[in-house]
Amino acid sequence: MEEERQFLCGVVEGFYGRPWSMDQRKVLFQWMQLWGLNTYLYGPKDDLKHRLLWREVYSPEEEAQLRTLIAEAQSRGLRFVYALSPGQDIVFSSSCDLTLLKRKLKQVSDLGCQAFAILFDDIDHSMCQADSEAFTSFAHAQVTVTNEIYRFLGEPDVFLFCPTEYCGSLCSPSASKSPYLQTVGEDLLPDITVIWTGSKVISRKLSLDSLAEVESVLQRPPLIWDNLHANDYDSRRLFLGPFKGRDPQIRSHLRGLLLNPNCEFEANYIPLHTLGDWHRTGKEDVNDEVCEYCPERALTAALTDWMEELNQPLQAGRQTARTDHRASLASSRSKAPDRSDCVSTFRANAAVAKLPVFPLNSSSPPSSPPLGKVEREAREGEKMRSHQQPHQPGQPLPGSRSGALTGGGRTQKLPGRGVCGGKGMLSEAQVRLLVGLHYLPHEHGPSAQKLLQDLTWLKTNCHLVGANGKKTQPQKVDEWRGRASRFLSLCEDIAQLHCSVVGGANRAVLYDLYPYVWDLRNTALVAKAFICWLDGRVMSDSSSLGSWRDCFHWCGKATGEDLSGVDSEPWAFKGGVSGEVQMLLPIGSSSELFTHPPPLFPTSRLYNIRPYHSKDKVELYRMVRQLHLRTQGGQESSTAHPDVIGDRCLGPCLALSPEYSFILEDELGVCGCVLGISDVRSFAKRCQASWIPAMRDKYPPKGTNTHTYTQQDLIRLMEEDQGEYPDSLLYHFPSQLRLDALPELVDVSVSRTLLTALLTALKANGSQGVFCEVQPTDHQRLEFLTKLGFLEILRGEARSREGVVLGRLL
């Protein structure tokens, strides 16, 4: 029993990024007590007085907070370990620095702390001239200072030392032969515990053999600083999977194990819950049999508890009156001994600094100063769209579970607000999807594996449904489309998951998880649109313009694990599932199109991006006419032909290049579009040959025209729209696009996602670059397109009238 009590198992707050709040740490202590964990190490890298300003003592206000935190941990039976990281600029031979180090730790000791750690991780190995003269090696300098501090503090029972070579991959030439570790093992006082992360900084597994080797060279069992769930190295990754890859038998070679988890506090429920299960393994006897740790079984138990937590109305500070009841339930489920008195005393009483409250489940931002004319019209326009197009439940989503890969106009709407609006409940299937998509650094969950496998197969076999391909066996086509339908269904589930997280009751979870579900939602929208587009639109081998075999060599062919290797650190390939889906798309290397900050006001509105269908023409014409009226102050002659604006702005592309047109729709219908032209030169010739004559027939000569636009005026404008572009432009940028979206879109990122869908299609069929012309007076569109990732390449050369052309290489 004494041996078991001495095993340190718990949490290290040691990540780079914004440290947790005091209230979050108190919740953490409650979790740890419930789940049988016993140690918390305070060492956030971005706490200035922990690392950068380690010499400075805490102010009286900071002292009071730290004293309260230490007392809170101790009241819950937890060991509070205070860590200091002086290694960046300490002069080991300086008596002044040594005095300041002692002063700082003595201050913390006087606050009630009884356990300490000195960290020398992530620093340069070099020494200054004074240290080189005073010590025989870098390790000797660190060990000398650490021993003296240990004695100064009265040789506490728990005193940890983190070496600069803290994992096998950082040791030279190896862990067993490292002179640095040999010095630490020989000279560090025997009761000081050495911190170790395993064979890697983020170790996939911890094996008995490797730990026994480290134990031998250090001459003591190490303590594992476990970075399995740490995500501070990649802003697009989150790890919600179970504690895994650590056999409970390794405890015989360890002093302890502390998990350094996600920066986002709310993301750590499952990692810490399952760590508690791992720690208890071997202690509990059921029918005189020792329980074995099973990550999948531990995950199921953690999901059961987290489901209740997720659907509680918790604000950012996580205050709720029902916490005590849930605590007792969790205690009984976890079978942790002596948990009957685990009553929360702080959630209901602690003062919480709440974040600004706004209707995150709404499609509109919060109240603001009086709206200007444009903003009022935007709101009125959305209201009109809402009244004109009421939601009709049960209608299929284009390219959805119905199996259709393309869809019609506004009559086919997304599921309405009855699904996503309000503060609803996350289902178990959605939570499992969430965890599966954000699993572990070396391993994807089942849903993520399925997403990547299907996308890879569909892309590889898209020649089966190519635009000009040879005849393919019908069963092969059916197989492709059946698998595509399942892929689209999973993408829709991801969109619904995003919607449910935003509309859920737990605001605390929303704040921490939203950037990740939002990022994956956007990536899935592009992938879904791309798969819909492939059916009948990608060039096959018989095309003279290009082929899928020629063009898809730009796409990634492997997963992150394949690219980085099993033994590589997980940051070798960034982005997680979102990054791997991105790399499987033709423009996967254009990372700036996929990485951008989430919107200030999250919205639970569902969006869909899909290829254009002829039934969409009426809605698109209505939308661009509405946008035109707004720019003209709402004035239009009653005798103007209703199709004039649509025919000029959209007509040529929809008639001659519909395969490069994409629709953005929300729950109310069409709200944006992007139109592309693959080859501007050939398109201009086709326009002169067929579109302009069609317009001459549609708009009679001046003598018989009853509308304000004469034939001559309209034809002149259309010919100018298809004006001559310099060869220097078209050589690098042979393709062109036009993007339109209603201004009431709250999540502007969907416009970027819409644009990305078109760029993916253009690149898949061989385009090397694309441009978009903007008038110099249209500052809003110019700024918008620049933010969407375009580079300004030309001013005033494309037309006789001055204009701006933006372009980007694909």
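Trainee: How many disulfides are counted here?
Mentor: First the ground rules: this is a predicted model, where local features need pLDDT of at least 70 and side-chain atom pairs count only at pLDDT 80 or more, while totals for chains, interfaces and linings use all residues. Residues are numbered from 1 along each chain as its sequence is written, and side-chain values use heavy atoms, with hydrogens and water left out. A disulfide is a pair of cysteine sulfur atoms within 2.5 Å. By that rule the count is 0.

Trainee: Take cysteine 162, then: which cysteine has the nearest sulfur?
Mentor: Cysteine 162 is in no disulfide. The nearest cysteine sulfur sits 9.7 Å away, and it belongs to cysteine 167.

Trainee: Is cysteine 162 buried or exposed?
Mentor: Buried means under 20% relative accessible area, exposed means over 50%, and partly exposed is in between (1.4 Å probe, protein chains only). The relative accessible area of cysteine 162 is 2%, so that residue is buried.

Trainee: How much of the chain counts as buried?
Mentor: Let's set the scene: the chain has 28 helices and 17 strands, where helices (H or I, at least four residues) and strands (E, at least two) are DSSP runs numbered from the N terminus. Contact means heavy atoms within 4.5 Å, and among contacts between residues at least 6 apart in sequence, 79% join residues at least 24 apart. Of the 810 residues, the buried share is 58%.

Trainee: At roughly what angle do H17 and H27 cross?
Mentor: Here the axes are lines fitted to C-alpha atoms, for helices over the stretch in contact, with angles running from 0 to 180 degrees between N-to-C directions. H17 spans residues 507–534 and H27 spans 749–764, with axes that come within 9 Å. The crossing angle is roughly 35°.

Trainee: Is that crossing of H17 and H27 left-handed or right-handed?
Mentor: Look at the near helix: turned anticlockwise from the far one by less than a right angle, the crossing is left-handed, and turned clockwise, right-handed. H17 passes H27 in a crossing that is right-handed.

Trainee: How many charged residues does the contact of H17 with H27 have?
Mentor: On the H17 side the residues include Trp518, Arg521, Asn522, Leu525 and Trp533, and on the H27 side Ser749, Thr753, Ala757 and Ala764 are among them. For classes, Ala, Val, Leu, Ile, Met, Phe, Trp, Tyr, Cys and Pro count as nonpolar, Asp, Glu, Lys and Arg as charged, and the others, Gly among them, as polar. The contact has 10 nonpolar and 5 polar residues, and the charged count is 1.

Trainee: Which serine side chain does asparagine 522 join in a polar contact?
Mentor: Asparagine 522 lies in H17 and counts as buried at 5% relative accessibility. A polar contact is a pair of N or O atoms within 3.5 Å; within protein, one must be able to donate a hydrogen and the other to accept it, and residues adjacent in sequence count only if both atoms are side-chain atoms. The side chain of asparagine 522 makes one such contact with the side chain of arginine 521 at 2.7 Å. Another, at 3.2 Å, is with serine 749.

Trainee: Aspartate 519 is in H17 too; which serine is in contact with aspartate 519?
Mentor: Aspartate 519 is buried, with a relative accessible area of 8%. Leaving aside neighbours within four places in sequence, aspartate 519 is in contact with Arg236, Phe594 and Ser578.

Trainee: Ser578 is in H20, so to speak; how many residues of H20 are buried?
Mentor: H20 covers residues 576–583 and is mostly covered. Gly576, Glu580 and Gln582 are among its buried residues. Of its 8 residues, the buried ones number 7.

Trainee: How far is isoleucine 663 from alanine 757 in space?
Mentor: Isoleucine 663 is in strand S12, residues 661–666, and counts as buried at 0% relative accessibility. Beyond four places in sequence, its contacts include Tyr612, Cys673 and Leu754. Isoleucine 663 and alanine 757 are 94 residues apart in sequence, and C-alpha to C-alpha the distance is 9.9 Å.
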